[in-house]
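Me: Got a model to go through with you. Short answers, please.
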There are 2 protein chains.
Amino acid sequence: VTSIAWLGLGAMGAPMAARLVAGGHEVTAYDVDAARIDQFVAAGGRAAASPAQAAAASDVLAVMVATPDQAEQALFGADGALATRSGPMRCILFSTLGPAWVRSLASRLPAPVGLLDAPVSGGVARAGEGTLLIMASGTPLPEDEELLRELGDPTFVGEKPGDGQAVKMVNQVLCGVHIAAAAEALSLAESLGIDAGLAWDTVRRGAAASFMLDDRGRRMVEGTQGEVRSAVSIFVKDLRLVLDNARTGGLPTPLVAAAEQLFSIAAAQGLAGRDDSELIEVFRGWLR
Amino acid sequence: VTSIAWLGLGAMGAPMAARLVAGGHEVTAYDVDAARIDQFVAAGGRAAASPAQAAAASDVLAVMVATPDQAEQALFGADGALATRSGPMRCILFSTLGPAWVRSLASRLPAPVGLLDAPVSGGVARAGEGTLLIMASGTPLPEDEELLRELGDPTFVGEKPGDGQAVKMVNQVLCGVHIAAAAEALSLAESLGIDAGLAWDTVRRGAAASFMLDDRGRRMVEGTQGEVRSAVSIFVKDLRLVLDNARTGGLPTPLVAAAEQLFSIAAAQGLAGRDDSELIEVFRGWLR
């Protein structure tokens, strides 16, 4: 049993934290949205009134917020997890915040806090099943690795915090571009007078196959019925992070640039909070 | 046993025609490159001195050339397959020439020639195994379907020639963009100081998975040793065809536009005849 402070109960954070509760750990959570804390308590978790309170009696500080600003606030703010806390603690960062930010975090943490970089991929369903892909870097204790294995399949891609984030950037290039490619391809079918469902069910069995074509393509064809598994806004954020990091390294990334614009167009058209498969509605709007 | 005239013994045409020879059919082939005809004869096929000669005594005319110009020449040229031929024949078009061109072909064929639209996907390896994805349209005779099944898995996506081509356009959007995304993602890993092979072997097990990431990504990481399975020039051609057809239907396709430019840059840098996985060399050149 590990005592864990969990910061961030969003679409991914909530099922991940609930899974650790179900695994018998003492998980004390904080989120800026009190309703999410109530739901977590109903699921057997413990509530904290601030990140500082969550971290006070915990061995592990798990961070699953969405943006660097949120992470700054949760860690270094007035009632942040590191505001009053002293003594050894391990910080596991599950968020996608980019290699540059995580390297800067590593340099700012007090000495007794060990940092493990552990961004994840796989979506809400796999978060609940504990089968996430975890792109980890750092120097883990054996108990850290055990904890990660309760959430999914950790691959250690480097010894430095930030290396996990770098591989997550690679992952998001592919995921974001594949979703946008599915939207572009299936709306092309519609523009050519071909049923998108028939085209989808044909090409996904060949060289065009991808996880995203199967998963998001199905939702593009069948509709989401308003359900949001992963929001358009996540890819607006993550693809901009990729562009920033690619730019720093001097690498032109024309496909990511085009995909970022498509997700941004979707957001500008009011779809930021909708399921990312609804990106196809941008193309369908152009066909009307 | 069907007597088949086969036009075009390129990277895909040669193994497909050889497979029908192995299936016991009488296959008489023509190609503009005499060396390819010699290789086909060595594999048990018959040689023709012209498309007209190949078609003279055949029930089925199979077309697997690369471009509309080549198809015009092979079918309607001075010694084209339809120059002197009269009487019933079935024409099976395996080439990727776009819906517009195939609809025009349908309207120009003499009445006793039935047209089956049957573009394929899956690459050279699957062509040899007889496991191609075949996106067919038209009104097939039972023996046409049997013939297609010797080459792969035919899905009938419509009754009109051109519908198969439309689904092939959808397929090529995904295949072309997925290859370019793999190149962009793996070179991003390199720009961030992460080993591309490690990043590849990590992300391909998650939501970033695609057939092209597995297949071409491996060749990007391990190298091609000069072997060409499918050339850069194929995607230059096919993505331009997609752009033309999308434009006609009024659909903006920013990802295809970006991917077409990347393959065109590769071609301009002398890689037109190289394996399409070498697209990553364009990005690597930018990192030097």
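Me: What turn and shift lay chain B on chain A, and at what RMSD?
Reply: A turn of 180 degrees and a shift of 0.0 Å along the axis, with an RMSD of 0.0 Å. That is the relation of a two-fold axis. The superposition is least squares on C-alpha atoms of residues with pLDDT of at least 70 in both copies.

Me: Ground rules?
Reply: It is a predicted model: local features need pLDDT of at least 70, side-chain atom pairs need 80 or more, and totals for chains, interfaces and linings use all residues. Residues count from 1 along each chain as written, chains are lettered from A and ligands numbered from 1 in written order, and side-chain values use heavy atoms, without hydrogens and water.

Me: Which residue of chain B comes closest to the rotation axis?
Reply: Ser210(B), with its C-alpha at 1.9 Å.

Me: Now the interface. How many residues does each chain give to the contact?
Reply: 60 from chain B and 60 from chain A. Contact means heavy atoms within 4.5 Å.

Me: How much area do they bury?
Reply: About 5,000 Å² between them, 75% of it on carbon and sulfur atoms. That is accessible area (1.4 Å probe) lost on being put together, summed over both parts.

Me: How many salt bridges across it?
Reply: Two. The rule wants a Lys or Arg side-chain nitrogen within 4 Å of an Asp or Glu carboxyl oxygen. Asp153(A) forms one with Arg205(B), closest N and O atoms 2.6 Å apart.

Note on methods:
Buried area is the accessible area (1.4 Å probe) that two parts lose on being put together, summed over both.
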